[in-house]
Every structure is written in structure tokens, then in C-alpha cells.
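Thanks for coming. I will walk through one structure today, going from a calcium site out to the whole chain.

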Amino acid sequence: MVTQIASELAAVDEVTMPTTIERVLADLIAHFDVDFGYLRRIDRERKATILVAEWPRRSAPDPDPLNVVYFDQAYSPFHAVEKLTEPMLTSAESYFDQYVTSAVVPLVMHGDSIGLLGFVKHGDWAWSRQELAVLTVIASLLAQSQARVDTEARLRHLSTHDELTELPNHHSLFGYLGQRLRAGRPGPVAALCVGLNGLKLVNSYLGRTAGDDILRDVASRLREQLELNDMIVRFGGDEFVVVPNRPMDNYSAELLASRIKHGLSGGVTIDGETVSYGVDIGVAVGIPGDAPADVLRRADLALRAAKTQDSNGVAVFTDTLYEQFELADHITLNLRSAVSDNSLVLHYQPEVDLRNGRVLAVEALVRWQHPTRGLLLPDIFVGVAETTKLADELGNWVIRNACAQFADWRRRGFASDVVLRVNASPKQLTSPNFVERVEQALREHGLNGNSVCLEITENVSVEDLSRAHMTLHALKRLNVQIAIDDFGTGYNTLSHLKALPVDTVKIDRSFVKRLNNSPEDRAIVESIIGLAHEFGLEIIGEGVETAEAARTLLDLGCHRAQGFLITRPLPAEEIEAHLNTMQIPFSLEHRRSGRSE
Ligand code: C2E
Ligand code: CA
Ligand code: CA
């Protein structure tokens, strides 16, 4: 019998343990002709014994008072066994009004008992020494297999859980989501990606333990706010994922996310100091049949959106979001090579005198001739360049190439009285060798500083302002002109104008567009023009699309303009025709649509 039990136990694992033990117990009680057998494990941390299996099964109440029995619990039938290392026999004692005899054999491992094998017989019973010897062997087999199963379980726990927060980790998440998303299961299945803000900052200023405290705090607050069966996972450094147990559509998932976000905006006290933190949450919903990785990727993209947009820190995945990020990722990956392999091109848009159509300047506007996506406009990739440290490379490319083109026109007798306008991003203004690059480009192509104007927007951040000042003054020393672009959309506009060495102001096209429909916008444009005159600055109206807008600008005292009414930005070859005549024909008359006279 011992060998049979030994081979049965050799194959046991955490899942098959209870039924295997039941079988072993059944064999043993039949063999020894007793009435009841059980196996309990000892949990030293909880100071308790826990039922593993019994045979025959009792019809126990729920909860079963014998499931977990603490050593110090009153009336504990296992009072005496806490330190047991030898078999213990009790003879006929009253137990629930019955006289029973029992034998308890400890499962000993390294001198410590880790469990109890017990038998009960109604009435008197005497165990022979040989029987007890057999039981001791069996108990030691059980001890070995329990220790092995425990180790396996601990290893599994370690590999499926995060040590710091005790939450399941990404391995568990994939397994769990895989089951939830199996075809035919109830859906939709929501996934919420919860991103903690500023953990890096906390780690570097307050130390890693402070960061750990915050992570544990987030974990326990998540647990408090969610239902018992909701899956909460530590997904990475500063991310958690929540998969609600019940099926949930986008709308309910977003509500849940807002609730969680609200409940998580708090702080922890570290060394007597309250450190506050916040989270952003991205929401995606999968339907059974979807791949877990896809659903998580969508939730992660939504989290990226939640971090960047004015979304109150909660964003739901949409196809548009996907396209945006897909494009942004693509751009990030490929922009550097686009700069170096001449995929970028410059188009030029003239600026004219509205009174006579004379060309006064051309603005270089960058485009990306993409092999599969066609001609990409700068709004899509200039921002990406700024966030990926490519702003300098892109900016230098533009300045070099615009100057080269301009010099070429001049050599061929065009554009002698025309100013070249080049856009510079706020990032460039604070870059250390920007001025040097401009100077180099001018010198290389024999251009005079005052035939080039750099256009800057107002959105230079306050910290960078003094640096931007220095750059602008250095540019002035090269005689380069400076224009403020998109004027009226930033803040501090007035103070900028006073403090910066500016020659020209370009009225943002949004005001020009509404010039004839909105009295407020007309008033703004009027005051910008007044201001410019007062400071002795040139003023240009951007985005002039209609003859009416052009007439109004003229009425208000602004005669320089740029816009689709005159011409769209054009490739260099096409702009040459205009530079040749130096005159662009357009009409200030209201065009009557459809009727020829
Ligand atoms: P921006 O400097 O304000 O350039 C004018 C933009 O307005 C151009 O868009 C032009 O096509 C558009 N536009 C011109 N006339 C009209 C009109 O009548 N109606 C409308 N609706 N739009 C008009 P584009 O070329 O797409 O450039 C967008 C922005 O990208 C530029 O705005 C500028 O801020 C930036 N950008 C362009 N090229 C460069 C560059 O080389 N470097 C940097 N840093 N930024 C650039
Ligand atoms: Ca511009
Ligand atoms: Ca502009």
C-alpha cells in the first residue's frame, strides 16, 4: 500500500491534490477499518491549521468551522498539535457527544510539523506500533509532496504576481484576458489602463521607497474601489490594468474610469510630508474573439491620449485615435531619415501688396513627400519633431534649403526685392547653435541678413524666454528680420512686442477668416493693426481667402497679405512664374458665383 500511495503522490499538483488525498484517505480508512480520515496543513503565519481533504466528506455548514482552525481558538480540537512531531493518540474521549478514538500523525519537514494526518474511530480503538510506523511513513510521503506542491505554488505566485503590490502581474493578465475574450464568452470586455503621474519625479526626489509607498497606495485604493472579482493587475513600472468582471460597453467603462480617477486623486504621507499624485486612465473595450494584446494596446493608446489631451485624464479608444497614434509613431520612426534622404520639400507662398498685387515676400513651408502617404503637411510632423529632439535637424534643413533656393532665384535674376520668410519653432530659438546655423546658411549662399525674415510664434515657454531673447538679439546682429507669427493666439502678446526685437506681426488666419462675420474679431484685428502702427511694425494679414477679407484689411490699414485668394503655397518651379513677373493677379471684387456676364 505504501508504494501505491507513494506513486500516487509523486504525480500530484496543486489542482489534483485534494482529490488524490481523498483517494488516499479512503484507502487508508478502509485498510485500518476506521471511520474518518483527514489531512490538514499548518499555516505558521496565520497560526492555524487548514483543512486540505477529508474522507468521507462531512455535510459541513458554510462557512465550515473546521476549514480554518486557529491554534489559540477556544475549544480547538487541534489545541495540542501546534508543536507536535510524534504521533498522538487519544483514547475514547467525548467528541460532539460521541465517544471516539483518534490518532494524529504530524507531517514533519526539517523537524517542524507542516501538517496533520488524522483518523477517527467511533468507540475504542488501539493502534499497533506497526500501524503507527506505517502511518508515519505515509505522513512523511505526504509532507514531501505537500512541500513540493507548496514550492511550486509559491514559484507560480511569484511568476504571476507583482512582489511590491501583491497584485497579479502581466502574465496573469494575459491568461485572464485570454479566457474572458474566448469566442462565445459574454462581452464586451473592458480594459482600463491606469497610468500613475509623476512617479519618476517622486523616485528621484524622495527616493524609491516613497515611489513604492505610492504604488502600494494606488493598489490598495484600486482594490477598495472595485468589486472583488474585478481583475486588478500591476502592468509595469507606473501602470495598472483593471478588467471589470462584468461585461461593460465603452460608456459604462468610461464612467467607471472617471470614478476610479476621482477616487485615486489623493496623496500619501511620506516622512510627515504629504505627496500627492494623480492618474490618467485609458479605456478600451474588446469583444470575445479579439486578441488580448490588441485590447491592451488600444487601452494603452487611449492612456496616451488621456495623458496628452484635455480629456480630464480619461480617454476612450477610438479609430481616429488609432490612426493618429499610428501616424505619429510612424512619423517618429521615419522623420529622421526623411530629413537626411531628401524626402522633405519646400513649398512657397507669396505675400503681396493688396493695393497692386506686387510680390513682397515668399514664405517657405515644409512638406514631407511620403512614399506611401502622399504629401504630408507640416502640422502633422513638425510637432512630432519638437517632441523627439528632431526640431533642430528639421529646422536646419529648412533654413539651408530655403536659403539655397532663394540664392538660386537671385542668381537667375528673380526675387531681388523679395524677402524670404522661414518659420522657426520655439524649440529652435532655445537651441544653442541656432544662430550659428543661420549665419552659416546666409554666408554659404551670399545672402544679406535683411533679405531673410524668421517667423516665430508666441508660444515660447516662460523658462525659455531669456534664452529666446538672447537668440533674437543675436539674430538682429546678423540683420535678420523677425516676425511674430499667428499673432493674437498666444498670451503676453503686448509685453512680447515691447521686449522683443520684432519687425513684423502676422495676424493669425483665424481672425482674418472671421473678419467679416464677427464684430469681435474685426475689433481684435483693428486693435492689432493699431498696435503695430504704434510700435512702428509691419503688419501682414494671413489666410486671406476672400475678396471681402482683403478689402476689410485694406480698409483697416493693413495692405500686406498672404492667402489662398492670392495663391496657395506652390512648389519652387511654379512660384518662379510669379517671381518673374513680380505681380500676381487677383480680384478684390466680390465674385458672383455661377453667372457670367
Ligand atoms: P504658418 O506659419 O502660419 O503658415 C501658414 C499656413 O497657413 C500654411 O499651412 C499655409 O498653407 C496656410 N494658409 C495660407 N493661406 C491660407 C488661407 O488662405 N487659408 C487657409 N485656411 N490656410 C492658409 P501649412 O503649410 O500647412 O503650415 C502649417 C504650419 O506649419 C505653419 O503655419 C507653420 O507654423 C508650420 N510650418 C510650416 N513650415 C515650417 C517649417 O519649415 N518649420 C517650422 N518650424 N514650422 C513650419
Ligand atoms: Ca509662418
Ligand atoms: Ca501663421
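First a term: a residue is buried when its relative accessible area is under 20%, exposed when it is over 50%, and partly exposed in between, with a 1.4 Å probe and protein chains only. By that rule, D485 and E542 are both buried.

A word on the source. This is a predicted model, where local features need pLDDT of at least 70, side-chain atom pairs count only at pLDDT 80 or more, and totals for chains, interfaces and linings use all residues. Residues are numbered from 1 along each chain as its sequence is written, chains are lettered from A and ligands numbered from 1 in the order in which they are written, and side-chain values use heavy atoms, without hydrogens or water.

Which residues coordinate the calcium ion (ligand 3)? They are D485 (OD), D486 (OD) and E542 (OE), the last of these listed twice, at 2.1 to 2.5 Å. Donors here are N, O and S atoms within 2.8 Å of the metal, or 3.2 Å for Na, K and Ca; water is not among the atoms, so sites may look incomplete. D485 also bridges to the calcium ion (ligand 2), and the two ions lie 4.3 Å apart. D485 sits in strand β19 (residues 481–487) and E542 in the loop between β21 (538–541) and α18 (547–556), so the pair ties together parts 57 residues apart in sequence.

Now the whole chain. Of its 597 residues, 48% count as buried. Along its principal axes, the C-alpha trace spans about 125 × 55 × 45 Å.

Definitions and conventions
Helices (H or I, at least four residues) and strands (E, at least two) are DSSP runs, numbered from the N terminus.
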